[in-house]
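Colleague: I'm new to reading models like this one, and I'd love a close look at just one part of it. Could you walk me through the spaces inside and around it?

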Amino acid sequence: MFADWPILSLLIWLPILGGFLTLAAGRDAPVVARRLGLSVAVATFVASLPLWFLFERGTADMQFQEVASWIPAFNVNYHLGVDGISMPLILLTTLITVVVVIAAWESVKDRIAYYLSAMLIMEGLMIGMFAAMDAVLFYVFFEAMLIPMFLVIGIWGGPRRVYATIKFFLYTFLGSVFMLVALIYMYTQSGSFLIQDFHDLPLGMTAQILIFLAFFAAFAVKIPMFPVHTWLPDAHVEAPTGGSVILAAIMLKIGGYGFLRFSLPITPDASAVLDTLMIVLSLIAVVYIGVVALIQSDMKKLIAYSSIAHMGFVTLGFFLAFYIYSNTGDWQGASLGIAGGMVQMISHGFISAAMFLAVGVLYDRLHSRQIADYGGVVNTMPWFAAFFVLFAMANTGLPGTSGFVGEFMVILAAFKADFWIAFLAATTLILAAGYTLWLVKRVIFGAVASEKVAGLSDMNRREFFLMGLLAFFTLLLGVWPAPLLEVMNATIDNLVAHIAHSKL
Amino acid sequence: MNFEIPAFLPAVPEMFVLGMACFILILDAFLPDSRRDITYGLVQATLVGAAVLTLWLAGPEVELTFSDSFIKDPMSDVLKVAVYVTSFFVFLYSRPYLMARGIHKGEFYILGLFAVLGMMIMISGHNLLTLYLGLELLSLSSYALVAFWRDNTRATEAAMKYFVLGALASGLLLYGMSMIYGMTGSLDIAVIASELTAADDTMNVPLVFGLVFLVVAIAFKLGAVPFHMWVPDVYDGAPTAVTLFIATAPKIAAFAFLMRLLVEGMGPMHADWQGMLIILTVLSLAVGNVIAIAQTSIKRMFAYSTIAHIGFLFMGILAGTESGYASAMFYVIVYALTAAGGFGMIVFLSRQGYEADRIDDFAGLARRNPWFAFIMLLLLFSMAGVPPTVGFYAKLAVIQAALGAGLVWLGVVAVIFSIIGAFYYLRVVKIMFFDEPKEDASEPVQPSGALATALSVNGLAVLLLGIFPGLLLSVTHYAIIG
């Protein structure tokens, strides 16, 4: 009975309108703002559950579709729908938003109503972007979410927040306008803005390469890939905890989603030609950024670099497909790489969110993110230490946690492609263990570093709940990834079948 | 010689505005300063009345009258209504500004009304002379408006510059028109077009010569690079209320003027003027966006941003397709709406002896008044072309027109400069939201009266048209394509 309901529209507009309501009702009443914000976030999460349960497995078709005419002059429609790639990401978004709202409960003191409403509006926009089937609609959501994020970093961020937020905005804007030109170009060729029609649009090699590069500009900045990653450490370090969580857990995934939704199916031949470039950049992200993460003295920066390295794995998994095909002659391995990248994205959503929350927990107490200021936290905060070690292990890809599943699948796929690619990719297991465990050693273990650390109090119930929630999903996905894979399988197989056909 | 009585009906709005302007002019002379609101009310009523008349007469058919020198078509209907609406908001924003400075004179509104009449004639001109007369009526009213705060030396200086350069441009225009008249033997737009089509010799040197003069004059009036020198000085020097006026509605009229002359008249020479407009577009985008970064005065910054917007406007026109013209029309209406809000915000923040025309004057606005900081944020993001504001669809439409004409590189150039443009709009947002208020302007802004309401409506319109852009886009498509 729910299948005919406009669930996706509800998921988009409930948080947006709820955000404005929170702002209107809670401007001078923080308590009201918090309660209202949380209710909206939870309601949205609950409303997103039918997507998971009613989703029809085994088909690559778009589900829960909604169509309404929007801009007739350009043949643009308000067209929503989800498939196996976008549905898990929407659920991740609704879950993480609940986490972010709860995390802000006490740690955001200035203008909380504005903060919560920005987060909720952003949630709606991100869901809209994942659900959009029309390119203009996609672009509108894609760009619009920059505005609340710009304000969140700029108002609630750290000391260098203005520099970081302007850099964040201009970098992302720079990437996305080229995509806009590519989208319009394809509209002039096809007469439609439906993404599905772009998939089937025949394009010459030159056009494909240019379009690929335009998409690359948009998504490589977003995900981010080396060498356009430099905005991320700045933005992460300066953003408030909730901003970092949204950024790492969801916004980075938009880049990966874009590669799957646009780059690969629209320009398969260009992807095949340029896949070496993509693989090399991904490996640089994995190896070089991993080394860079080792030497960081700021916890948030370290996790930010670790995010870039993990995202390198995602792009590696996506673009291995053509290598695997030319090596083995079948497309089975390609599916493995792409599915691995997807699992890695979801898993990173939980783990990075938890890591940033953990840093936020420490920051709320000591107002420092410097690793050197900590040490021996386990003595005063045993529960916190336990969770921190768990998530650190997940970050390094310990079997049994979600971090392992994605990395394992990608490395497995890499072996089918080329030994050396797999070899370099596998260095992440050492590097990630290196920088994460060294972080754990310096922050959690050892002697109590200072009187301040000695005076730390352990997590309160609210923080415990958040950590527990994320730990649950990290472990669940680690030991039982089958349901997630089952949801994605048909879509990914369909995608691989699509890119196997040349458009030339 | 048989004399036919022309059909007056299509020109009834013009006649109404003219009659009312004359009536208010006389009435105003007898009003004491304390009763100036009567003038204001009558002028606004005239605009509303003209809008009613225009809408009542609106229809899809094309009507020519006064020996084919006057045209009423869907384009003129839509553009005239846009002019009335913009002017209505402009007068509404201006009133408190003028009152606070003791220059709440009837001349402002009456000159404004004559300028509106000039714009209406420009929009409906179908003859080189009619178009020229409309333009001059608008220009002379504008010069006088800029100079109308006569104790203010900066305004007087700006008026002088405006007048000298404007007169030069008018001279160029007339010169170009005379060439074209010489080659085609007619002043009638339609006859010129058919003569040019029949001639089939578009490389005719005197014709191209005349065309160059036309394009230069239009570029002058719109403020496209390299004929933009007057724009920043006049915008900055004029009283903000007047800047508000000359930066908004006249651009809509200038668009119509360009459409009548270049597209309807010189349409067969599209290949010739397309190249010229491409140069103007690229230069305007580059100079406007880059120099705006260096400004400290928000009025000058908006002036350079206007120059950049003119570049975008040209991009829609030079495509030479009907959807291109419609997109340019959409662009100019959106621009007028957004610019009215932007300058209106300066008026809103200013008070006696404090112009609020430095970018710094917006510091900490989010703390002084969050609602109007939000409205300004919408306006700025609309100028930058960030969705979900309407400015995005304007840019989308013109870039699409350029790409549709095969000018992919031009689209890429345009988006590169729009990123540069995003920087200086963002800087204002940054100053409003992230900086602390300045000491001499830290008290909360108290919104009051019609200005605050109108400004809110204006800002929300930018957002709502951005969420539902279909209607306005359909209207502009109807106006051009039918």
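How do the residues of the lining of the second largest cavity divide into nonpolar, polar and charged?

Modeller: Happy to. Keep in mind that this is a predicted model. The lining of the second largest cavity splits into eight nonpolar, four polar and four charged residues. The volume of that cavity is about 130 Å³. It is lined by 16 residues, and A:Ala103, A:Leu357, A:Val361, A:Asp364 and A:Arg462 are the ones closest to its centre. If you want to find the walls on screen, look at α3, α11, α15 and α21 (461-479) of chain A, which each give two or more residues to the lining. Among those, α3(A) has the largest share, with five residues.

Now hold on to α15(A), as we can follow that helix outwards. Helix α15 of chain A covers residues 332-366, and it packs against helix α17 of chain A, residues 382-396, at an angle of about 145° with the axes 10 Å apart. The crossing of α15(A) past α17(A) is left-handed. On the α15(A) side, the residues that touch are A:Ile351, A:Ala354, A:Met355, A:Ala358, A:Val361 and A:Leu362, and they meet A:Phe384, A:Phe388, A:Phe391, A:Ala392, A:Ala394 and A:Asn395 in α17(A). By class, that contact has eleven nonpolar residues, one polar and no charged. Did you spot A:Val361? That residue is in the contact with α17(A), and it is also one of those closest to the centre of our cavity.

The helix α15(A) turns up again in the second largest pocket, where it gives the most to the lining, with four residues. This pocket has a volume of about 570 Å³. Its lining counts 34 residues, with A:Ser107, A:Trp156, A:Gly157, A:Pro240 and A:Tyr363 closest to the centre. Both chains take part here: α3 (86-107), α6, α10 (231-238), α11 (241-266) and α15 of chain A, along with α15 and α18 (408-433) of chain B, supply at least two residues each. By class, the lining of this pocket has 13 nonpolar, nine polar and twelve charged residues.

Set beside that, the largest pocket has a lining of 37 nonpolar, four polar and four charged residues. The volume of the largest pocket is about 1200 Å³, and of its 45 lining residues A:Phe20, A:Ile121, B:Phe374, B:Leu378 and B:Leu463 lie nearest the centre. Here α16(B) brings the largest share of the lining, seven residues.

Since both chains keep appearing, a word on where they meet. The contact takes 35 residues from chain A and 39 from chain B. Between them the two chains bury about 3400 Å², 84% of it on carbon and sulfur atoms. Within chain B, the residues losing the most area to chain A are B:Gln400, B:Ile419 and B:Phe434, which together make up 20% of what that side buries.

One last stop, back among the cavities. The count comes to ten cavities of 30 Å³ or more, and the largest has a volume of about 200 Å³. Its lining holds 17 residues, with B:Leu138, B:Tyr162, B:Lys221, B:Trp230 and B:Pro250 closest to the centre. The largest share there, five residues, is from α5(B). By class, that lining has twelve nonpolar, three polar and two charged residues.

Conventions
Residues numbered from 1 in each chain as written. Chains lettered and ligands numbered in written order. Predicted model: local features only at pLDDT ≥ 70, side-chain atom pairs only at ≥ 80, totals over all residues. Heavy atoms only, no water. Axes fitted to C-alpha atoms, helices over the stretch in contact; angles between N-to-C directions. Left-handed = near helix turned anticlockwise from the far one by under 90°. Contact = heavy atoms within 4.5 Å. Nonpolar A, V, L, I, M, F, W, Y, C, P; charged D, E, K, R; others polar. 1 Å grid on protein atoms, 1.4 Å probe; cavity = no way out; pocket = protein on both sides within 12 Å on 5 of 7 lines; lining within 4 Å. Points joined across faces, edges and corners; volume = space filled by probe spheres on them. Buried area = accessible area lost by both parts, 1.4 Å probe.
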